[in-house]
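Welcome, and thanks for taking a look. Please open the sequence and the model side by side, and we can walk through some local details together.

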Amino acid sequence: MELTKRPRRLRGTDTIRRLCRETRLSPDSLIYPLFVDETLSGRRPIPSLPGQYHYGLDALPQAVEECLQAGVNSCLLFGLPKEKDPLGSSAWAENGVIQQAIRQIKQHDPDFYVVTDVCLCEYTDHGHCGALRGREVDNDPTLELLARTALSHAQAGADLVAPSDMMDGRVAAIRQTLDQAGFESLPILSYSAKYASAFYGPFRAAAGSAPSFGDRRGYQMDPHNRNEALKECALDVEEGADLLMVKPALAYLDVIREVSQAFPLPLAAYSVSGEYAMIKAAGQAGLIDEHRVMCESALSIFRAGADILITYFAKELAQAIRSGEIG
C-alpha cells in the first residue's frame, strides 16, 4: 500500500492539543499596572485606557481583591502625586503616594506582590525622568534621586523595584544604596531595553507624565537598534540587575527573543498602553474579536521568550488561562 504524504499536524481532540502545547502560560507570570492618585477618593475611569481606572488610596483594597479574584497576584504601581517640583521630590517622600500605596496594599494582603516603578517623570513639573541641566536631563545627579526613591519603596514594603528611567548607571546606584541599607535580598527589575516609542501615549495621559518640552529620545533607545538592547542588558546584568525587561512588547518581539537567548536572567516584557488601546479600539469598532486578539498577542510575547508579562489585560488573561482557553 502506498502511503500518502500528510502534513505533520497533531491530530485528535482539543485535550491532546492542550497537552502538547510548546508554550505554557500561567496567571503567576502576569503583572497588572495600577495607577494611584493621591488626590482621589474611590476610583475614576481613565479615558485614554478604556476599562482601566485611577485608584485613590482608599480604593486599593478593592483593586487588590479584583486582581485576586481573577487570579492575578502581582501589581506594578504608578503614582500621581499631589505636588510636583523640578526634582520630583515627592517620589522619595516617606508619605508619598507610592509609599502610602505600598503600606495600604500590604496591610490589606501581605502576600500580594508589589512591584514599584522607579522613575521621576510622574513627579517632576517638567515631565522628564531626572534632574535637568538647562533643557537636558543630567544623568549623574539623577542617580542619587533614583536610589533614594528605590530605598523609600523598599522601606515602605515593596517586593521588587523596577527602575524605568534609562539613566546610565542607575542599577548599580540603586543596588549599592539598597545593600548599604540592609535590603540585599530585594530584587531589581531593570527596564533594560526601553525604546523611545510612540506606543506610550495613552500611559502618559493617564499618568500625567508627558514632557513639557522636548522628548525622551536622548535617554531612551532608538527603535532602529537591536544590538544596542543587548549591550544595555549586559551592562545592567553587570551592575546587579536580577531581572531584565523589554518595553514595548509587540513591536519588539525580535528583541525579546534575542535577550531571552543571550542572558540567563528572567525576562519581563511590558505590553504598553498603546498596544492595549489599539486592541480595545479595534474591538469596540467591531473590526476584531478583542478577546481572541488579546490572547493571541499575549501568547506571541511568551512564545518569543518572555517569562513575565506586564499588561493591562492581566485580569482577563488570567481568567482565560484558568479556563484553559490559553495556557
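Where is the place of Pro248? In this predicted model, Pro248 sits in the loop between strand S10 (243-247) and helix H8 (253-262). The peptide bond that leads from Lys247 into Pro248 is cis, and its omega is near -5 degrees.

**Backbone points around H5**

Two residues with positive phi are worth a look here. Met166 belongs to the loop between strand S8 (160-163) and H5. Its phi is near 70 degrees, which is a positive value in a residue other than glycine. Met166 is also buried, with a relative accessible area of 4%. Just after H5 comes Gly182, whose phi is positive as well, at about 90 degrees.

**The surroundings of H5**

Which residues of H5 are buried? They are Arg170, Val171, Ala173, Ile174, Arg175 and Leu178. The elements that the buried residues of H5 pack against are strand S5 (113-118), H4, S8, strand S9 (189-194) and H7.

The partner H4 can be described in detail. Helix H4 (residues 139-156) packs on helix H5 (residues 170-180) with an axis separation of 9 Å and an angle of about 45 degrees. That angle makes H4 oblique to H5, and the crossing in which H4 passes H5 is right-handed. On the H4 side, the residues that meet H5 are Leu143, Leu146, Ala147, Ala150, Leu151 and Ala154. On the H5 side, the contacts come from Arg170, Ala173, Ile174, Thr177 and Leu178.

**A second helix pair**

Helix H2 (residues 60-70) and helix H3 (residues 97-108) also pack together, at an angle of about 55 degrees and with their axes 9 Å apart. This makes H2 oblique to H3. H2 passes H3 in a right-handed crossing. From H2, the residues Leu60, Pro61, Val64 and Glu65 meet Ala101, Gln104, Ile105 and His108 of H3.

**Charges and their partners**

Side chains of opposite charge can pair when their charged atoms come close. How many salt bridges does the structure hold? There are 10 salt bridges, and the table sets out three pairs, with the N to O distance for each.

| Residue | Partner | N to O distance |
|---|---|---|
| Asp236 | Arg170 | 3.5 Å |
| Arg226 | Glu258 | 2.8 Å |
| Glu290 | Lys280 | 3.1 Å |

Let us begin with Asp236 and Arg170, which form a salt bridge with their closest N and O atoms 3.5 Å apart. The pair links distant parts of the chain, since Asp236 is in helix H7 and Arg170 in helix H5, 66 residues apart. Are Asp236 and Arg170 buried or exposed? Both of them are buried.

Next, the side chains of Arg226 and Glu258 meet at 2.8 Å, N to O. This salt bridge also links distant parts of the chain: Arg226 is in the loop between helix H6 (201-207) and H7, Glu258 is in helix H8, and 32 residues separate them. Arg226 is partly exposed, with a relative accessible area of 35%. Glu258 is partly exposed too, at 27%.

In the third pair, the side chains of Glu290 and Lys280 form a salt bridge at 3.1 Å, N to O. Glu290 lies in helix H10 (residues 290-304) and Lys280 in helix H9 (residues 273-284), so the salt bridge ties together parts that are 10 residues apart in sequence. Glu290 is partly exposed, with a relative accessible area of 23%, whereas Lys280 counts as buried at 13% relative accessibility. Elsewhere, Arg43, Glu66 and Lys315 are joined into one network by salt bridges that share partners.

**A buried charge without a salt bridge**

Glu232 is a residue to inspect closely. It lies in helix H7 (residues 227-239). Why does Glu232 have no salt bridge, although it is buried? The nearest side chain of opposite charge is Arg170, 5.4 Å away, and because a salt bridge needs a nitrogen and a carboxyl oxygen within 4 Å, Arg170 does not qualify as a partner for Glu232. Leaving aside residues up to four places away in sequence, Glu232 touches Met166, Ser192 and Met221. Met166 is the buried loop residue with the positive phi. Arg170, in turn, has its salt bridge with Asp236.

How values were computed:
Residues are numbered from 1 along each chain as its sequence is written. This is a predicted model: local features need pLDDT of at least 70, side-chain atom pairs count only at pLDDT 80 or more; totals for chains, interfaces and linings use all residues. Side-chain values use heavy atoms; hydrogens and water are left out. Helices (H or I, at least four residues) and strands (E, at least two) are DSSP runs, numbered from the N terminus. Buried means under 20% relative accessible area, exposed over 50%, partly exposed in between (1.4 Å probe, protein chains only). Lys and Arg count as positive and Asp and Glu as negative; His and the chain ends are not counted. Contact means heavy atoms within 4.5 Å. Axes are lines fitted to C-alpha atoms, for helices over the stretch in contact, and angles run from 0 to 180 degrees between N-to-C directions. Angles under 35 degrees count as roughly parallel, over 145 as roughly antiparallel, 65 to 115 as roughly perpendicular and the rest as oblique. A crossing is left-handed if the near helix is turned anticlockwise from the far one by less than a right angle, and right-handed if clockwise.
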